[in-house]
Amino acid sequence: MAILELKNIVKQFADYTAVNGVSLSIEQGEFFTLLGPSGCGKTTLLRMIAGFESPDSGQILLDGKDIKDLPPEKRPLHTVFQSYALFPHMTVRDNIAFPLKMAKWNKSAINERVNEQISSVQLERFAERYPHELSGGQRQRVAIARSLVDRPKLLLLDEPLSALDARLREHMHVELVKMQEKSGVTFVYVTHDQSEALALSSRVAVMNHGIVEQLGTPREIYSRPKTYYVADFIGKCNLLKAKVSHSAAEHVTLSIADSFELTIANPENKFNLGTEGWFAIRPEKIKANWDPRVEDGIANFKAKVKGYYYYGDGTLYEFLLENGTVIQCMLSNNRPHQASFFEDNDEVYISINPLAGNFLVE
Amino acid sequence: MHGSKLSKSLIFSGTLVYLFLYLPLLILIVYSFNDSRVNVGWVGFTLKWYKVLFADKQLISAAINSVIIALIASTVSVILGTLAGVALHKHKVPLLSTLVMIPVAAPELLVGVSLLLFFLLINFSLGMISITLAHIAFCLSFVTIAVKTRMHGMDDSLMDAARDLGASPARAFFSVLIPTILPGIIAGWLMAFTLSLDDFVITFFTAGVGSSTLPLAIYSMLKMGVTPEVNAASTVIIICTLILTSIATKISPQLFK
């Protein structure tokens, strides 16, 4: 059952449209992520759900009720801010007790719940400290504990990890997922970090220029991007100019980067002769060898090593095709020794399985 | 080696600066205990100038006037200035922010004369009330600036967080905003209090006849030469200021971080 439904939300500011007709349905218990670059409308959308901005048109249904006209304090949901927004004049304990005090709980009930909450995030030793006496990671935990203390229906998180260093961020990924599973509260998470979005979410909405470009599980978003933008924004991707050069029943042949041809399926006859677009394929989906791979449907062609980047677990090669097109290829360093390393200017065979890529037509 | 050399020169220049600042005050304090009618040469220790001071009914009533005016002016200007500072931070109106600065930057003489003309124009009788109003007018700017500066260093999402966690706008204002900017408010209040307490120029123009404040009273005493009684009065003021400042920093040390 959908806990939060957004229906055709539009928000215009003086000089630009921040959100341009977004409709989303978020399920109870989901870890839902709004992913996009700054200015894509994700934070504005979050602020409208929280009640800090009001949409020009559209509906925001929480548990089936339109909350669009409720002030922030009347909405049964909380926000974790990018800056954490801990109250500097209150101790950890008072910060966490704040929502319960506002809801006029009685003192003993507040104490009991606050203690429970403090121990659930392992902050017992820091309960009487002030926010400025805590580390970034501890502040983060206090902010989340404070937002979950009265068991809201929804928790909105606005780039909550962006102020932490890389190691701590990875550690917090694990903690966030644990907290979400333990509390059972639906998380709506905003980030511009695609790896964070892929690692944490049950579903991701990729936003750009105020609209949702693609909605799906991390796996769908990564391996089956539907638009040039999504393919380019998420992970590394080769985006090669492609054009339909032959058309047959249920299949079309693409001429890619004026260099090689691939035959792909044409369900519902979406593509016609002459249709132009991009062939998107992830670097790790491309194989490279000294010899061509002779298999059905696999395209082999010669390329020259232009350079490579050693990443430890893999090596990212840049191959140059005859007409100057560059193709990136991520080879695992786990492969048999003799095939592992190519040097600059080596001539190799690249093989591409058409099923591993996507033909994107704008 | 280099480090200790640097710190020696630092100590030296620091001492010079503090001597420059405090030596005149120190001399003034010392001479308030001098058993002589004139401020030349040390004769002997006495407390008689303090006795004279506290027996001087005119001076005492002027001091009481000063404190009353300073209390009212600083408190009223803190309330108005806090509201103005918060509003100016929230709604960035460029012209208004500049206008708030003007009374701080403008020569006191100008402010004094213009206030006098204004009071005469609206037929407002000069006295304690006109002095207090004049003090509120110039203190307001200082408080507004102190609060605005504090707001500038504040995380804007604090107020959003308070609302988000269930506080009404009024509740968020009193239980989150005010405590967060309290150091700015206290600083503004102290600044307003001391400015009002020792203001001479603006008070001179808006006092009219009859009502007097401590600075005006001391000034009129100076017409008969600098007597040790003036020294004693000044010493009392210095000590009051010292106590006030240390109280302010002690009130809540963690708030001043």
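**Entry 1: the interface**

Buried area is the accessible area that two parts lose on being put together, summed over both. I started from that idea because the size of an interface is often given as the accessible area lost when the parts come together. I keep in mind that this is a predicted model.

For chain B and chain A, I read a buried area of about 1900 Å². Carbon and sulfur atoms give 61% of that area. Next I looked up who touches whom: 21 residues of chain B are in contact with 24 residues of chain A.

Then I asked myself how many salt bridges the rule finds across the interface of chain B and chain A. I found two. I opened the pair A:Glu73 and B:Arg163, which forms a salt bridge with the closest N and O atoms 2.7 Å apart. I also looked for polar contacts across this interface, and the rule gives seven residue pairs, both residues of each pair being at pLDDT 80 or more.

Which helices of chain B supply at least two residues each to the side that touches chain A? I noted helix H7 (157-164) and helix H8 (169-197). H7(B) gives the most to that side, with seven residues.

**Entry 2: salt bridges in chain A**

I widened the search to every chain, and the count came to 11 salt bridges. I picked a few to look at by eye.

My first pick was A:Glu128 with A:Arg93, where the closest N and O atoms are 3.0 Å apart. A:Glu128 sits in the loop between helix H3 (107-120) and helix H4 (136-148) of chain A, while A:Arg93 sits in helix H2 (residues 92-102), so this salt bridge ties together parts that are 35 residues apart in sequence. I checked how open each partner is. A:Glu128 is exposed, at a relative accessible area of 52%, and A:Arg93 is partly exposed, at 23%.

I then turned to A:Lys101 and A:Asp94, whose side chains meet in a salt bridge at 3.9 Å, N to O. That value made me check the cut-off, and the pair counts because the rule asks for a nitrogen within 4 Å of a carboxyl oxygen. Both partners came out partly exposed: A:Lys101 has a relative accessible area of 39%, and A:Asp94 has 30%.

My next pick was A:Lys306 with A:Glu318, at 3.7 Å from N to O. This pair links distant parts of the chain, with A:Lys306 in strand E16 (residues 299-310) and A:Glu318 in strand E17 (residues 314-320), 12 residues apart. Are the two partners buried or partly exposed? A:Lys306 is partly exposed, at 45%, whereas A:Glu318 is buried, at 15%.

I finished this search with a network. Salt bridges that share partners join A:Arg47, A:Glu53 and B:Asp160 into one group.

**Entry 3: a helix with a kink**

I moved to helix H6 of chain B, residues 128-152, and tested its length. Its 25 residues should span 36 Å at 1.5 Å a residue, and the end C-alpha atoms are 36 Å apart, which agrees. Where is the kink in H6(B) centred? I found it at B:Cys139, with a value of about 30°.

In the same stretch I stopped at B:His135, which is found in helix H6 of chain B. B:His135 is buried, with a relative accessible area of 1%. I looked up what surrounds this histidine, leaving out residues up to four places away in sequence: B:His135 touches B:Ile69, B:Ala73, B:Ser196, B:Asp199 and B:Thr203. With B:Ser196 there is also a polar contact, side chain to side chain, at 2.8 Å.

**Entry 4: positive phi values**

Last, I looked at backbone angles in chain A and wrote down two residues. A:Glu159 has a positive phi of about 40° although it is not a glycine. I placed A:Glu159 in the loop between strand E7 (154-158) and helix H5 (166-183) of chain A. A:Glu159 is buried, at a relative accessible area of 9%.

A:Ala257, also a residue other than glycine, has a positive phi near 50°. A:Ala257 lies in the loop between strand E12 (251-256) and strand E13 (260-265) of chain A. At 10% relative accessibility, A:Ala257 counts as buried.

Conventions:
Residues are numbered from 1 along each chain as its sequence is written. Chains are lettered from A and ligands numbered from 1 in the order in which they are written. This is a predicted model: local features need pLDDT of at least 70, side-chain atom pairs count only at pLDDT 80 or more; totals for chains, interfaces and linings use all residues. Side-chain values use heavy atoms; hydrogens and water are left out. Helices (H or I, at least four residues) and strands (E, at least two) are DSSP runs, numbered from the N terminus. Buried means under 20% relative accessible area, exposed over 50%, partly exposed in between (1.4 Å probe, protein chains only). The expected span of a helix is 1.5 Å times one less than its number of residues. The bend at a residue is the angle between axes fitted to the seven residues ending there and the seven starting there. A polar contact is a pair of N or O atoms within 3.5 Å; within protein, one must be able to donate a hydrogen and the other to accept it, and residues adjacent in sequence count only if both atoms are side-chain atoms. Contact means heavy atoms within 4.5 Å. Buried area is the accessible area (1.4 Å probe) that two parts lose on being put together, summed over both.
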